[in-house]
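Visitor: I'm new here and would like some help reading what's on the screen. Could you walk me through it?

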Amino acid sequence: MDALYALQVTWFVLWGVLWSVYFMLDGFVLGMGMLYPFMARDEKEKRTMIATVGPVWDGNEVWLITAGGATFAAFPTTYALMFSYLYTALLLLLFSLIIRGVSIEFRGKVEKQGWKRFWDVGIFVGGMLPAVLFGIAFGNIFQGLPMDASGYHGTLVGLFNPYGLLAGVLFVFLFMVHGALYVSVKTTGGLSRRAAAFAGRSWSVLAAVAILFLVHTYLSTGIFANYLASPVLFLLPLAAVSSLALIRLQLSRGSLAGAFAASCSTIVLVCATGFVGLFPNLIPSSLDTAYSMTITNSSSSVATLAVMTVVALVFVPVVIAYKAWVYRVFRGPLNPEDIDSQKVY
Amino acid sequence: MDVVTLGRWQFAITSMFHFIFVPLTLGLSVLVAWMEWRFVKTGDGTWLRMARFWGRLFVINFVLGVVTGITMEFQFGMNWAEYSKYVGDIFGAPLAIEATSAFFMESVFLGLWMFGWNKVSKKTHAWSITLVAFATNLSALWILLANGWMQNPVGANIVELAGNPLVSRRAEMADVFAVFTNPYGWVKFFHTVLSGYVLAAFFVMGVSAWHLLKPNEVVLFKRSFKAAAVFGLVSGFLVLGTGDFHGSEIAKTQPSKLAALEAVWETHKGVGLSIVVIPDSEAERNSLELITIPKLASLLAYRDPDAEIKGLKDIPKDLRPPVGLVFHSFRLMVGIGMLMLLLSIAAVYLSFRDRIEASPLFLKLMIPAMALPYIAGQLGWIVAEVGRQPWIVYGVLKTADAASKSVDAAQVLFSLVAFTVVYSLLGAVDAYLLVTSAKAGPEARLPAGLDATGKGV
């Protein structure tokens with residue numbers, strides 16, 4: 001195995017890790033947004049829900065920016081073609097993320113009913129829409145995009161195919177359960193209880209969607225080819241399903257933190273299952289496999305990959321260390337008195 | 001309009017909008033960190049109320065910088081796929097390094113700063129805004145090294161990729177050291193970051209002036225004004241100095257930009273600098289040149305009064321940037337810069353003589369003067385980016401060859417309209433919030449528990 005290929009594999013793994021961590025961390029922020037208009041019963045509960053993500057939403061979104069930047073640096077051809085092929089879908093994603101960030105930060109800055117109601121809608125849209133769009137995007141990537149020697153032949157409407165939509169529904173429920181568990185862990189009293197109860201109820205829907213999704217994936221994508229070639233890999237989707245079951249188990253035992261941890265690992269394992277199935281493709285072609293974007297035909301040069309590897313080895317552990325420390329500073333449920341006295345949101 | 005023109009309009013609008021928020025973030029983070037450290041050292045609660053007041057404005061501004069920044073990262077791929085394919089091997093690295101080394105630090109520690117008032121010690125809290133300031137400035141370094149490479153593409157080889165179905169030819173990293181030590185990028189970094197400090201200084205002076213005229217919170221705003229005046233004056237002189245270095249860097253690497261900046265049509269030696277010039281691109285000459293200082297342009301560009309400057313007539317017409325726009329933007333930027341230096345000198349003088357409250361006319365002047373650095377910064381980017389045309393990477397790749405092939409004009413027109421509408425609304429909301437928060441002034445008293453000693457600032 002030559003150095004270039006080793007680096008290409010390394011960056012495929014890092015690419016998968018960045019996306020997985022992004023979905024694990026931003027998943028609960030998006031999930032909080034989806035639940036926000038229905039779960040918070042009064043102004044204080046609304047502010048409490050926003051405050052659960054207040055110190056972390058921006059840092060979590062940076063994982064997306066890093067995933068994008070890493071795609072640009074390590075697989076520039078994939079970055080260029082994927083972003084231009086999915087132009088309008090990404091435009092919608094951009095706007096929904098813009099709305100999300102601004103809504104979270106601006107809602108509490110003016111004490112007027114109309115102002116707050118406007119941003120309330122923004123928080124919901126900014127939670128729901130990115131989840132749907134990410135699901136549809138990855139669903140279509142798993143199926144392969146229609147591309148060949150003459151370029152891309154897909155349309156925006158074409159992305160809304162049954163499998164793509166099912167992936168969108170899967171992401172929505174994954175993040176909704178995840179967000180409900182996060183809110184239940186970070187709050188106290190009625191809000192926490194209602195969030196936990198909601199997580200339990202929506203878990204059943206999530207489990208049903210997940211099974212449907214696995215079957216549909218087998219029928220309409222090439223994701224399982226790698227698994228059939230080396231059956232030992234089936235341990236991965238098995239672990240994902242077990243982790244999903246563990247969420248339910250922990251909830252029954254009354255351990256909210258345990259359920260949230262299981263939900264974190266479920267998201268990571270679902271992503272890992274997808275990425276292992278994609279390898280060595282980043283984006284397969286549904287028309288002609290010669291035009292699939294792979295780690296070999298779309299990567300950077302050996303020099304750039306080597307530089308980026310050093311950068312990742314230096315900075316990623318540091319980032320994880322201070323992020324972990326800041327999460328520790330803010331550990332445990334929010335103090336209801338702080339919500340009143342600090343008035344950040 | 002074709003897809004390239006529409007894409008250029010979109011990039012111009014989104015990047016100029018993004019750059020409304022960036023420079024204030026760069027400078028205000030430094031000022032807020034300094035205020036909070038003054039509090040830690042002296043225990044004087046006024047410093048803390050200052051840090052919290054200016055920090056609140058910082059946060060409102062910061063959010064829009066963040067959300068409009070993602071657009072920039074996505075747009076390279078969405079609209080400029082041919083560019084991204086061609087140069088991604090070099091251009092992608094600084095962007096990814098920016099995210100890993102700076103964006104995480106900035107966002108995580110700003111979260112700690114906003115919510116950690118009674119959770120960490122005073123020093124740790126001051127450190128968190130210090131790290132925000134450091135990371136913000138670090139991110140500017142990486143993005144300007146990326147832009148610097150587009151201006152002066154060092155350390156690259158053009159490589160044919162035989163047998164690759166997706167990309168046949170591209171620029172590859174030959175010398176990473178050269179890319180990261182590109183003098184063009186570094187001089188641009190210092191010039192841009194320092195201009196952000198000037199902008200933040202004028203912002204703080206302007207808002208303080210409004211309160212001093214009331215008068216409201218006189219002690220706090222006099223102190224803010226004085227700190228900003230010094231910060232603005234020192235940074236202003238350094239912007240001037242780095243601007244001079246920037247000019248000679250352009251002279252070394254971008255003859256077509258230099259010729260447009262100075263409106264030089266004929267190649268000749270000992271080029272003078274005229275105070276009043278009206279260039280005429282059609283006639284390929286200046287229709288008006290008044291008050292010429294002999295040999296000054298040559299001296300500034302090459303440190304040699306007799307140096308030769310290449311004229312626009314010796315550059316093929318299709319390789320010239322739009323002369324009028326570049327020339328006038330440059331002149332206006334420099335003029336505004338000089339005006340700001342004069343205002344800064346007056347501000348420092350009046351502050352140290354303790355006559356600032358007794359100068360209502362000057363204070364009234366400093367409120368509209370808040371707009372000056374914003375205008376100068378936008379003009380600077382017009383000079384930098386329009387002056388590079390028709391190249392997207394100077395001498396290597398033309399803008400016309402850089403757009404995405406799979407995106408059509410209708411899609412870009414749609415997104416251009418959508419960005420314009422959404423950004424206008426965001427801009428209006430942000431301006432409203434900044435104005436109301438600035439006018440509301442600092443909190444009358446610190447929240448309970450914040451002035452205690454030890455843990456809990």
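Guide: Let's go through salt bridges and then one buried residue, bearing in mind that this is a predicted model.

Visitor: How many salt bridges are there over all chains?

Guide: The count comes to 23. To read one, look for a side-chain nitrogen of Lys or Arg within 4 Å of a carboxyl oxygen of Asp or Glu. Take B:Arg49 and B:Glu217, whose closest N and O atoms are 2.4 Å apart.

Visitor: Which parts does that pair tie together?

Guide: B:Arg49 sits in helix 2 of chain B, and B:Glu217 is in the loop between helix 6 and helix 7 of that chain, so the bridge ties together parts 168 residues apart in sequence.

Visitor: Is B:Arg49 buried or exposed?

Guide: Under 20% relative accessible area means buried. B:Arg49 has 12%, so it's buried, while B:Glu217, with 24%, is partly exposed.

Visitor: What about B:Arg320 and B:Glu284?

Guide: Their side chains meet in a salt bridge too, at 2.7 Å from N to O. This pair links distant parts of the chain, 36 residues apart, with each partner in a loop. B:Arg320 is buried at 14%, and so is B:Glu284 at 18%.

Visitor: Which residues are linked in a network of salt bridges?

Guide: In chain A, look for A:Glu43, A:Lys46, A:Arg107, A:Glu111, A:Lys116 and A:Asp120.

Visitor: And where does A:Ser202 lie?

Guide: Find helix 8 of chain A. A:Ser202 is buried there, at 5% relative accessibility. A polar atom of its side chain lies 2.7 Å from the backbone oxygen of A:Phe198. Farther off in sequence, A:Ser202 touches A:Phe173 and A:Val177.

Notes. Residues numbered from 1 in each chain as written. Chains lettered and ligands numbered in written order. Predicted model: local features only at pLDDT ≥ 70, side-chain atom pairs only at ≥ 80, totals over all residues. Heavy atoms only, no water. Helix = DSSP H or I, 4+ residues; strand = E, 2+ residues; numbered from the N terminus. Buried < 20%, exposed > 50% of the residue type's maximum accessible area, 1.4 Å probe, protein only. Polar contact = N/O pair within 3.5 Å; in protein donor to acceptor, adjacent residues only side chain to side chain. Contact = heavy atoms within 4.5 Å. Lists of a residue's contacts leave out its neighbours within four places in sequence.
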